Amino acid sequence: MSSSLKLAVAGKGGSGKSTIAGALALLQARAGRRVLAVDADPDANLATVLGVPEARQREIVPISEHRALIEERTGAKVRQYGQIFKLNPEVADIADRYALVHEGVALLVLGAIEAGGSGCACPESVLIKALVADLVLHKNEALVMDMEAGIEHLGRGTARGVDVLLVVVEPSRTSVECADRVFRMAAEIGLRDVRVVANKIATPDDEQWLRDALADREIVAAIPLSEGIRAADRDRRSVVDGLDGRTLEAFEGLLRVVQGEADR
Ligand SMILES: Nc1ncnc2c1ncn2[C@@H]1O[C@H](COP(=O)(O)OP(=O)(O)OP(=O)(O)O)[C@@H](O)[C@H]1O
Ligand SMILES: [Mg+2]
């Protein structure tokens with residue numbers, strides 16, 4: 001079994017990306033694997049899903065806000081444009097130094113990059129791009145990356161290292177439309193394996209509607225709309241804490257499938 005499954009999770013806002021990324025990270029850690037969970041969503045909430053207590057969450061400084069680190073590694077000042085800086089900053093030690101470990105999962109929060117768009121060559125963006133590429137391509141541990149709706153953090157080079165991109169879809173038209181955009185972006189950057197996870201499935205009709213709406217796309221797992229997940233969220237417990245058997249089995253089944261993909 002591959003010890004270094006590299007997973008990325010995308011999908012429409014609110015579809016359940018963080019919930020699924022968090023559950024897959026925690027279940028791998030429970031199975032004794034080293035897991036790095038990366039929160040690559042500027043509106044970060046993976047820590048909450050992992051059940052990190054509020055006080056510890058307040059200690060988290062996203063990488064994009066570590067000004068001294070960014071300036072040291074890139075040789076450029078934050079928020080100044082037109083500078084020359086190192087395009088290959090040293091990043092190999094960052095995950096170990098800055099991740100917060102909780103329930104066996106090392107959590108790294110990347111943070112937001114201000115202005116300039118995805119093509120911006122500001123130092124924080126250069127550092128984060130290099131960091132993501134290093135984690136995906138060179139780190140020998142399981143990686144679960146919780147992304148924005150899209151996959152802007154991944155470029156062509158980095159996509160090679162991603163074993164599976166999970167696109168989370170709930171049974172709504174807008175969610176399916178967002179997934180279609182992600183499929184196109186994924187094809188453009190050459191992601192090898194793109195899989196759909198159906199989430200918040202309440203009835204057999206929900207699942208059937210999604211199958212029809214997604215046409216030829218296979219659904220690798222259907223996660224039920226779960227009272228356990230809702231309660232854990234409200235009570236600030238980790239997503240897998242006190243989870244009902246059916247939902248837990250759905251997450252475990254999903255993990256088995258993606259692990260099988262990575263081992264091929
Ligand atoms: N299967 C489920 N059953 C019940 N509630 C769920 C389920 N999946 C997600 N939720 C709830 O839906 C809400 C959104 O989930 P989550 O935060 O994981 O989505 P997201 O895609 O990461 O959203 P964002 O785009 O805001 O980051 C949360 O309150 C979460 O607890
Ligand atoms: Mg999220």
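Val38 stands opposite Leu108 in strand 4, and that pair is a handy way into this predicted model. Local features here need pLDDT of at least 70 and side-chain atom pairs count only at pLDDT 80 or more, while totals for chains, interfaces and linings use all residues. Residues are numbered from 1 along each chain as its sequence is written, and chains are lettered from A and ligands numbered from 1 in the order in which they are written.

**Exercise 1. Work out which strands join strand 2, and how they run.**

Step 1. Helices (H or I, at least four residues) and strands (E, at least two) are DSSP runs, numbered from the N terminus. Strand 2 covers residues 35-39.

Step 2. Look at strand 4 (residues 105-109): five bridges join it to strand 2, and the two run parallel.

Step 3. Now try strand 5 (residues 142-146), which is also joined to strand 2 by five bridges, again parallel. Here Val35 stands opposite Ala142.

**Exercise 2. Decide whether strand 2 is enclosed or open, and sort its side chains by direction.**

Step 1. Get the cut-offs straight: a residue is buried if 20 or more other C-beta atoms lie within 10 Å of its own, exposed if 12 or fewer, and partly exposed in between, with C-beta atoms placed from the backbone.

Step 2. Five of the five residues of strand 2 are buried, so the strand is largely enclosed by the rest of the structure.

Step 3. Val35, Ala37 and Asp39 point one way, and Leu36 and Val38 point the other.

Step 4. Zoom out for context: buried residues make up 46% of the 264 residues in the protein.

**Exercise 3. Lay out the whole sheet and find its edges.**

Step 1. The protein has eleven helices and eight strands. An open sheet of eight strands has the order 3-4-2-5-1-6-7-8, with mixed pairing; two strands pair if DSSP finds at least two bridges between them.

Step 2. At the edges stand strand 3 (100-102) and strand 8 (219-224), each with a single partner strand, so one side of each has no neighbour in the sheet.

Step 3. On average, neighbouring strands are turned by 25 degrees against each other, direction ignored. Axes are lines fitted to C-alpha atoms, for helices over the stretch in contact, and angles run from 0 to 180 degrees between N-to-C directions.

Step 4. Strand 6 (residues 164-169) and strand 7 run parallel, joined by five bridges. One bridge partner to spot is Ala198 in strand 7, which goes with Val169.

Step 5. Add helix 9 (residues 204-213), which packs on the sheet and touches strand 6, strand 7 and strand 8. Its direction makes about 150 degrees with that of strand 7.

**Exercise 4. Describe the surroundings of Ile189.**

Step 1. Find Ile189 in helix 8 (residues 173-189).

Step 2. Ile189 has 16 other C-beta atoms within 10 Å, so it is partly exposed.

Step 3. Leaving aside neighbours within four places in sequence, Ile189 is in contact (C-beta atoms, placed from the backbone, within 7 Å) with Leu154, Gly155, Arg156 and Ala159.

**Exercise 5. Which residues come nearest to ligand 1?**

Step 1. A residue is near a molecule if its C-beta atom, placed from the backbone, lies within 6 Å of it.

Step 2. Of the 19 residues around ligand 1, Gly13, Gly16, Ser18, Thr19 and Asp233 come nearest.

Step 3. Helix 1 (17-30), strand 7 (194-201) and helix 10 (227-234) are the elements giving two or more residues to that shell.

Methods. Contact = placed C-beta atoms within 7 Å.
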